[in-house]
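Notebook open, model loaded. I want to see how the helices pack and what sits in the core.

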Amino acid sequence: MSTPLADPASAQFATNPPRELPKRRGTELVLLAFATFIVTVALVLVEANQEQELTSSIIWLGLSYLGVLTAAHLAVRRWAPYADPVILPCVALLNGLGLVMIHRIDLALAERAVQQGKEYTPDVTKQVLFTAISLVLFVVVLIVISDHRTLTRYGYICGLVGIVALALPAVLPSSLSEVNGAKVWIKLPFFSIQPGEFAKILLMIFFASFLVTKRDLFMVAGKKIAGVELPRARDLGPILIAAAACLGVLVFEKDLGTSLLFFGVTLVMLYVATERVIWVVLGVGFFAAGAIIAYNLFTHVQQRVRNWIDPLATYDDAGGGYQVAQGLFGLGTGGVGGTGLGAGRPDMVPEAKTDFITTAIGEELGFIGLAAMLMLYLILAMRGMRSALAVRDTFGKLLGGGLSFALVMQIFVVVGGVTNLIPNTGITAPFLSRGGSSLLANYILVALLLRISDAARKPAVRPKPQQPQAPLAEAHTVMVQRPSANGEGSTS
C-alpha cells in the first residue's frame, strides 16, 4: 500500500488537481486589433461626411493607436498574464470612440469659429496626450501593485487622502476651484485636476479594507421592528459618515453626480460584505432625507430639480434647462439609426464633449449605437464582477465589486441625466468624455480590475509535499554526548 499524504491540501491536489486556465492573451490582441479597426472606420466616416480630405494619415493614426494599445497589451502579458482578455479591448474601443467624437465636435466648432472670424484650438490633441499618459500610468500600476492584497496595509491612509482630496476644492476660493458652477477642480497655472476622480478609488480601497476587518460588526442585528432586524445604533457610524460626506459634496461643491456616485458605491460594498438589504434601505433613506433638506435650503438644488421636471419651462433662464432640452432634441433627431457619423449637429449642445457626449453619440449613431455603447459598459462591468466573484480573498471581492459597480453607476448617472431620467448631474462618461483627470483615474481603475482578475484566474500554487514523520513509538533512540566540566565528552 502507498503511504497516505499527511497534508490534507496535498491530498486534495492529488485527487483533484487544479485546472490551469488558458491565458488568452492572443484573444486580447485580436480584440484590440478589431477595436482599432472600428475606431479607424469611424474616423474615416467623420472625415468623409465633413468633406475633409481622406489621406493615408488616417491609416497611420489607426496604426499608431494600435501600437499604443499593443504596448499596453504587452505589459498585461508580462505582469498580469492571467488577466481577463475582454476588459482592455472594451476600454480601448470606448476610448477610441470618445476620441473620434471629440474630433468630430472639434471640426464643427472650428467651422463655426471660422465663420465668426475667431481662432479655435482643438481639444482632441490634448485628449490623445492624456490617453498616452493614462496608458503609461496603467502600466506603472500593474508593475507597482503586483498583488492587490498589499493595498490593505494602506487602507486608512487611502481613506484619509481620499477625504482630503474630496474636500479640498470646497475650501479653496472659487477662482481656483469653480467651473460652470461646480467647485470640483483645482486650477493651477499650467494644468487643472479634478481630485474627486482619484478620491473615488482611494475611498473604495479604504471601505474594502475597513469592511474586511469590521465585517462582523455589521452582521450583528439589533432591535427587531415590524419583522425587520435593524443594525445596532453604534454600528451606524460609517454609513452616517458616508452620508454626511456625500451631502457635504452636494452642498458645498454643488456636485450632485459625485455625491450620488460615492454613496451608491458605499452602499453596494456594504451590501456585498454583509448580504443584508437593511443597510441599503437605511442608506437610501438617509440620503433621501438629506436630499430633501438640501432642496429646501439651497437654490442650486432647486434649479436642477426644476430643469429635470420641465426643461422647456426654464429653457431661457440662467442656469436653466437649455442644455438638457438641446440634448433631448439631439437624441430625438438621431432616432433609431442616427444621422451618421459627421452628419449631425452635436455642437448645438453645450458641453457636448464632456457632460453630454452621450447625446452626440445618440444623435449620430442613433438608439442602436447608444445601446451598443451601453452594452460595452455592461460587458466591462460584468467581466470585472465575474473576476471579483472568482478571486479567493474577501478584500479582492469587495474592491473588485466596488470598482465594477462604480463604472455602472457612473454611466447610469450620466445617461440618466442627459435623457432626463434623473436630474442632470454634470459628471463625465468614463473613457468617452474629454478630460484628463477622468481618463487617468479610470485607467488606474482598469489596472486594478486586471490585477484582481489575474489573481482570480491564476491557478493555485500547489503546496510542497511534506515528508511523512514516523510515529513517536517507532522513533529511534539517539545517543547525545554532553561535554563535561574538564572538557572531555561523556555519553548519557
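**Overall count.** I counted secondary structure to begin with: the protein chain has 16 helices and eight strands. I'm keeping in mind that this is a predicted model. Next I looked up burial, and 47% of the 492 residues in the protein chain count as buried. I also checked how far apart in sequence the contacts reach. Of the contacts in the protein chain with a separation of 6 or more, 72% are between residues 24 or more positions apart.

**α3 and α5.** I started the helix pairs here. Helix α3 (residues 57-79) and helix α5 (residues 124-144) have axes that come within 10 Å and cross at roughly 5°. Angles under 35 degrees count as roughly parallel, so α3 and α5 are roughly parallel to each other. I listed the residues that meet: V68, L69, A72, A75, V76 and W79 from α3, against L135, F138, V139, L142 and I143 from α5. Sorted by class, this contact has eleven nonpolar, no polar and no charged residues.

**α4 and α16.** Which way do α4 and α16 run relative to each other, parallel or antiparallel? I pulled the geometry: the axes of helix α4 (residues 87-115) and helix α16 (residues 436-457) come within 10 Å, crossing at roughly 165°. That makes α4 roughly antiparallel to α16. I noted the crossing of α4 and α16 as right-handed. On the α4 side the contact uses I87, V91 and N95, and on the α16 side L439, Y443, V446 and L450. I tallied six nonpolar, one polar and no charged residues in the contact of α4 with α16.

**α15 and α16.** I stayed with α16 and looked at another partner. Helix α15 (residues 394-418) packs on α16 at an angle of about 140°, their axes 10 Å apart. α15 and α16 are therefore oblique to each other. The crossing of α15 past α16 is left-handed. I wrote down G396, L399, G400, L403, S404, L407 and Q410 for α15, with N442, L445, L448, L449 and I452 for α16. By class, the contact of α15 with α16 comes to seven nonpolar, five polar and no charged residues.

**Cores.** How many residues does the largest nonpolar core have? I get 99, and the residues with the most contacts inside that core are V76, F138, L399, L403, F431, L448 and L450. I picked F431 for a closer look. Setting aside neighbours within four places in sequence, F431 is in contact with V91, L94, N95, G98, L380, L407, L439, N442, Y443 and V446. I also found a second, separate core of six residues, among them L166, A199, L203 and F262.

**D106.** I looked up D106 in helix α4. Is D106 buried or exposed? Buried means under 20% relative accessible area, and D106 is at 3% relative accessibility, so D106 counts as buried. Not counting residues up to four places away in sequence, D106 touches Y120, P122, D123, V124 and K353. I also checked D347, 241 residues from D106 along the chain: their C-alpha atoms are separated by 8.5 Å.

**L160.** Last lookup: L160, in helix α6 (residues 155-171). The relative accessible area of L160 is 59%. The cut-off for exposed is over 50%, so L160 is exposed. I took one distance for L160, to F206, which is 46 residues away along the chain; the C-alpha atoms of L160 and F206 are separated by 8.6 Å.

Technical notes
Residues are numbered from 1 along each chain as its sequence is written. This is a predicted model: local features need pLDDT of at least 70, side-chain atom pairs count only at pLDDT 80 or more; totals for chains, interfaces and linings use all residues. Side-chain values use heavy atoms; hydrogens and water are left out. Axes are lines fitted to C-alpha atoms, for helices over the stretch in contact, and angles run from 0 to 180 degrees between N-to-C directions. Helices (H or I, at least four residues) and strands (E, at least two) are DSSP runs, numbered from the N terminus. Angles under 35 degrees count as roughly parallel, over 145 as roughly antiparallel, 65 to 115 as roughly perpendicular and the rest as oblique. A crossing is left-handed if the near helix is turned anticlockwise from the far one by less than a right angle, and right-handed if clockwise. Contact means heavy atoms within 4.5 Å. Ala, Val, Leu, Ile, Met, Phe, Trp, Tyr, Cys and Pro count as nonpolar, Asp, Glu, Lys and Arg as charged, and the others, Gly among them, as polar. A nonpolar core is a set of buried Ala, Val, Leu, Ile, Met, Phe, Trp, Tyr and Cys residues joined through side-chain atoms within 4.5 Å. Buried means under 20% relative accessible area, exposed over 50%, partly exposed in between (1.4 Å probe, protein chains only).
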